[in-house]
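Hi,

Here is the structure I promised to pass on. Have a look at it first, and then read my notes below.

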Amino acid sequence: MERVFKIALCQIKVENDKEKNIEKGIKYIKEAAKNGAKLICLGEMFNCPYRKETFKEYAEEEKNSKTLKIISKVAKENKVYVIAGSIPEKENDKYYNTSFVFDKEGNVIAKHRKIHLYDVDIKGKVFVKESDIFSYGQDITVFDTEYCKIGLSICYDIRFPEVFRIMEQKGAKLIVVPAAFNIVTGPMHWDLLVKARAVDNQVYIAAVSPARNYDEKYVIYGHSKVSDPLGNIVDSLDEKEGILYSEINLDYISKVREELPLLKHRRSDLYEVKIK
Ligand SMILES: NC(=O)CCC(=O)C(=O)O
């Protein structure tokens, strides 16, 4: 088993054109695979503008999703794992903000439906009510790969440390967060949250956003980044399109956990965090 592997975060400018967004995703995945990435991740709503009006219009059902079919094919042809950011998913009469994960054969091996929906009203700055459209996901997601266990959560989920603790307890060594923070809360908390979740759990956090697009009312922050288990941002982008490459070193996690054994020092006789 390889102890060091390369990941790629594709920061794409999402436009009002599903085909174009998917095409760009595919182009970036192919380029990242060619450059040696083994796990390639896209941002939250990578095929759909982050806008209440478009979520239902762009939504697809898993069983006949054009987006997922194309991603599956590119994962298989390039022999890479792909975390397909998130897309609006429709199931029966419900909608979810869902991330699908593909293995190197193009099979869906995990799916995470956003469990904390972003309902905020920052006066005069940001108003979003995802729960007007989406239903809540019910599961905390960790899946296995040939490299390590990987946790998956979407954007606002990152503000809930219990979820990340549970992913760590389930064995995740890397946690991927497709996200779309905005230019108000991004500068306040994005960097802090990525680092905090990494330090809390002594894991790598890979947080991947779409690029900034000033044509949209909800302006996405960008700044995809990776934190190591000590909370150092080891690689990052600015607000523009691009691919971020980073190395995940599983031996480094072991070293950090040996030298600073905080996970062993938890007082489970006094408290615990568990799934209900
Ligand atoms: N799409 C989201 O969940 C945005 C989360 C966000 O911006 C935050 O401040 O939290």
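**What I found**

Let's start with histidine 112, which sits in strand β6, residues 108-113. One thing to keep in mind throughout is that this is a predicted model. Is histidine 112 buried or exposed? It has 26 C-beta neighbours inside 10 Å, and 20 or more are needed to count as buried, so histidine 112 is buried. If you skip its neighbours within four places in sequence, histidine 112 is in contact with Thr98, Ser99, Gly137, Thr141, Leu152, Ser153 and Ile154. Lysine 123 makes a nice contrast: just eleven residues away from histidine 112 in sequence, but 30 Å away in space, C-alpha to C-alpha.

From β6 you can step across to β5 (residues 94-102), as the two run antiparallel and are joined by five bridges. Phenylalanine 102 has valine 108 in β6 as its bridge partner. The hairpin of β5 and β6 has five residues between the strands, and there glycine 106 takes a positive phi near 85°.

How much of β5 is covered? Most of the strand, with seven of its nine residues buried. β5 also pairs with β4 (residues 87-91), antiparallel and over five bridges. In that pairing, tyrosine 95 in β5 has lysine 90 opposite. The hairpin of β4 and β5 has two residues between the strands, and asparagine 92 has a positive phi there, near 55°. Then there is β3 (residues 81-83), which is antiparallel to β5 and pairs with that strand over two bridges. Here isoleucine 83 faces valine 101 in β5.

Now for another part of the model. Six strands make up an open sheet with mixed pairing, in the order β9-β10-β11-β12-β13-β14. β9 (141-144) and β14 (233-236) are the edge strands; each has a single partner strand, so one side of each has no neighbour in the sheet. On average, neighbouring strands in this sheet are turned by 20° against each other, ignoring direction. At the β14 edge, the pairing with β13 (residues 225-227) is antiparallel and has three bridges. Serine 227 has isoleucine 233 of β14 as its bridge partner.

Two helices are worth finding as well. α4 (residues 161-169) lies across β9, β10 (149-152) and β11 (172-178), and runs at about 140° to β11. α5 (residues 185-201) is 17 residues in length and spans 23 Å from first C-alpha to last, close to the 24 Å expected at 1.5 Å a residue. Which residues of α5 are buried? They are Gly186, Trp190, Leu193, Val194, Arg197, Ala198 and Asn201. Residues three or four places apart in an α-helix point the same way, because there are 3.6 residues a turn. The cover over the buried residues of α5 includes α4, β11, β12 (204-208) and β13. Just past the end of α5, glutamine 202 has a positive phi of about 50°.

Finally, the ligand. What surrounds it? The residues around the ligand are Glu44, Tyr118, Cys155, Tyr156, Arg159, Ala180, Phe181, Asn182, Thr185 and His189. Sorted by class, this shell has five nonpolar, three polar and two charged residues.

That's what I have. Over to you!

Terms used
Residues numbered from 1 in each chain as written. Predicted model: local features only at pLDDT ≥ 70, side-chain atom pairs only at ≥ 80, totals over all residues. Pairing = 2+ DSSP bridges. Helix = DSSP H or I, 4+ residues; strand = E, 2+ residues; numbered from the N terminus. Axes fitted to C-alpha atoms, helices over the stretch in contact; angles between N-to-C directions. Contact = placed C-beta atoms within 7 Å. Expected span 1.5 Å × (residues − 1). Buried ≥ 20, exposed ≤ 12 C-beta atoms within 10 Å, placed from the backbone. Near = placed C-beta within 6 Å. Nonpolar A, V, L, I, M, F, W, Y, C, P; charged D, E, K, R; others polar.
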